[in-house]
Amino acid sequence: MRQSTFHVDDMAKIVSLAKRRGLIFPSSEIYGGFANSWDYGPLGVLLKENIKAAWMQSMAQDRDDVVPIDSSIILAPRVWEASGHLKNFTDPLVDCKVCHKRWRADELRDGRCPECGGEVTAARPFNLMFKTYIGPVEDEAAVAYLRPETAQGIFINFKSIMTTYRLKPPFGIAQLGKSFRNEITPGNFIFRTREFEQMEMEFFVMPGTAPEWLDYWVNERKDWYERYGLRTDNMRLREHTEDERAHYSRGTFDIEYRFPWDWGELEGIADRGDFDLTQHEEFSGEDLRYFDEATKQHIRPEVIEPAAGATRATLAFLVDAYDEEPDGDETRVVLRFHPALAPVKAAILPLQRKPELTNLAKELRSKVRRRYLTQYDETGSIGRRYRRQDEIGTPFCITPDFQSLEDSTVTVRDRDSMTQERIPIDDLTNWLEDRIENG
Ligand code: ATP
């Protein structure tokens, strides 16, 4: 359990560490950058992939009633008509008459421009979907959209997955992948970007049972963030008020996280009723009900949707893991990731650059790397090498020393407590497995 109460309140520290250590950098930098676009470097990819894998594991591996899907990013344009996105997926846009900045009407302060206090224009709806054209002719008939959410790819495949997989409600379909929204005010690093990744699951339930399942999924999802180390104090649950809820939703909860600038949504969990399936029935002409043997009735399930952002969760796990503590005259910066999320699981650091130690270290490394992502480092003092690993959140540093040559044990140094333990080389992978899987 995390002891530290440190909470980073300066995003610049996170952005600079992410850049310095190859987690996340500004995109297209050699061309002067491209606003609000970010590229994931080697360690950023590993962190994000670990988060997605942990999500998918909790959905499709640890339980029997959720299956995965990977649908297309560009779907038939009718899908977005049916889902209501073409008509309703808009934000109210205003322009400042003085400084000409654009804002979402809900971001205004006292009805005026948050930047210069100027008067703003009347709000007009702005559709957030990215438009493109299929094929060489750029006319209306060729218009298509990049998906603004992964959920609709699930609804349109619901019936075929249920049939081919012989599923019956309650069951869910989970999808991970990129989504695109032409946000009016992207920002706060990777919190809000125009291209991002989502982790969404649609859980189909018998009519009348949705309220219980909504409670169930709110708790499951909160537990998931806690299991992977987000501190409870930095999370809160907020129920949407009636005017705030999407028109189809009968109940929505947001799991919010205390980001450095303020609380912000991490995930929304909504009771969508049978809105989506009804809409797709109407627009496609397909009957999306199924015949329930028990009640001898055609049933259209209702849906509970936990919808999370994978890139936004990456930011939350990064912010929450960030810790600083005094270290003599310096400051030790540590990313206290849960071991399952840490990009690098173990670093192999021979005590000295002597062949007998480096050879043993390389031998150990080839053994451990079959199971886990590792780094090897023989340059600089051992203290400095530990600090380099702390800064990228590596939970364990394995050091072969002269005693290792005598008794086939190595020291394993723990990132959080900084204590060292001697472990027999033969037990090393099992020892690591136990700590990495169980946190
Ligand atoms: P917000 O109110 O922040 O715009 P939303 O309520 O529109 O979010 P949903 O449509 O419920 O978001 O999407 C589910 C999740 O996808 C959000 O909780 C968030 O984690 C993530 N998400 C949505 N938009 C973005 C974005 N532009 N950049 C990064 N993540 C996003």
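Q: Which residues of helix 9 do Leu 47, Lys 48, Ile 51 and Lys 52 in helix 2 meet?
A: Those four residues meet Ala 310, Thr 311, Ala 313, Thr 314, Phe 317 and Leu 318. To meet, or be in contact, is to have heavy atoms within 4.5 Å. Helices here are DSSP runs of H or I with at least four residues, strands are runs of E with at least two, and both are numbered from the N terminus.

Q: What kind of model is this, and how are its residues numbered?
A: This is a predicted model, in which local features need pLDDT of at least 70 and side-chain atom pairs count only at pLDDT 80 or more, while totals for chains, interfaces and linings use all residues. Residues are numbered from 1 along each chain as its sequence is written, and side-chain values use heavy atoms, leaving out hydrogens and water.

Q: What makes helix 2 roughly perpendicular to helix 9?
A: The axes of helix 2 (residues 42-61) and helix 9 (residues 310-321) come within 10 Å and cross at roughly 110 degrees. Axes are lines fitted to C-alpha atoms, for helices over the stretch in contact, with angles from 0 to 180 degrees between N-to-C directions. Under 35 degrees counts as roughly parallel, over 145 as roughly antiparallel, 65 to 115 as roughly perpendicular, and the rest as oblique. The crossing angle therefore makes helix 2 roughly perpendicular to helix 9.

Q: How many nonpolar, polar and charged residues are in the contact of helix 2 with helix 9?
A: There are six nonpolar, two polar and two charged residues. Asp, Glu, Lys and Arg count as charged; Ala, Val, Leu, Ile, Met, Phe, Trp, Tyr, Cys and Pro as nonpolar; the others, Gly among them, as polar.

Q: How many disulfides does a search of the whole structure find?
A: Zero. A disulfide is a pair of cysteine sulfur atoms within 2.5 Å. For Cys 96, the nearest cysteine sulfur is that of Cys 116, 3.6 Å away, and Cys 96 is in no disulfide. Cys 99 is in no disulfide either: the nearest cysteine sulfur, that of Cys 96, is 3.7 Å away.

Q: Why is Cys 96 called buried?
A: Cys 96 has a relative accessible area of 1%. Buried means under 20%, exposed means over 50%, and partly exposed lies in between (1.4 Å probe, protein chains only). Cys 96 is therefore buried, whereas Cys 99, at 32% relative accessibility, counts as partly exposed.

Q: What makes Arg 236 and Glu 256 a salt bridge?
A: Their side chains meet at 2.7 Å, N to O. A salt bridge is a side-chain nitrogen of Lys or Arg within 4 Å of a carboxyl oxygen of Asp or Glu, so this pair fits. Arg 236 lies in strand 11 (residues 235-239) and Glu 256 in strand 12 (residues 251-258), so the pair ties together parts 20 residues apart in sequence. Arg 236 is partly exposed at 35%, and Glu 256 is buried at 7%.

Q: How do you know that Arg 238 forms a salt bridge with Asp 254?
A: Their closest N and O atoms are 3.4 Å apart. Arg 238 is in strand 11 and Asp 254 in strand 12, so this pair ties together parts that are 16 residues apart in sequence. Asp 254 is buried at 3%, while Arg 238 is partly exposed at 27%.

Q: Which parts of the chain does the pair of Asp 416 and Arg 336 link?
A: The two side chains meet in a salt bridge of 3.0 Å, N to O. Asp 416 is in the loop between strand 22 (409-414) and strand 23 (420-424), and Arg 336 is in the loop between strand 18 (330-335) and strand 19 (346-348), 80 residues apart. Asp 416 is partly exposed at 36%, and Arg 336 is buried at 12%. Both belong to a network of salt bridges with other residues, including Asp 323, Arg 387 and Arg 413.

Q: Why does Glu 183 count as buried?
A: The relative accessibility of Glu 183 is 5%, so Glu 183 counts as buried. Glu 183 is found in the loop between strand 9 (171-180) and strand 10 (195-205). Leaving out residues up to four places away in sequence, Glu 183 touches Asp 91, Arg 104, Leu 128, Arg 192, Thr 193 and Arg 194.

Q: Is Phe 204 buried or exposed?
A: Phe 204 has a relative accessible area of 0%, so Phe 204 is buried. This residue lies in strand 10, and among the residues it touches are Ile 154, Phe 155, Phe 158 and Leu 277.

Q: How many helices and strands does the protein have?
A: The protein has 13 helices and 23 strands, and buried residues make up 51% of its 439 residues.
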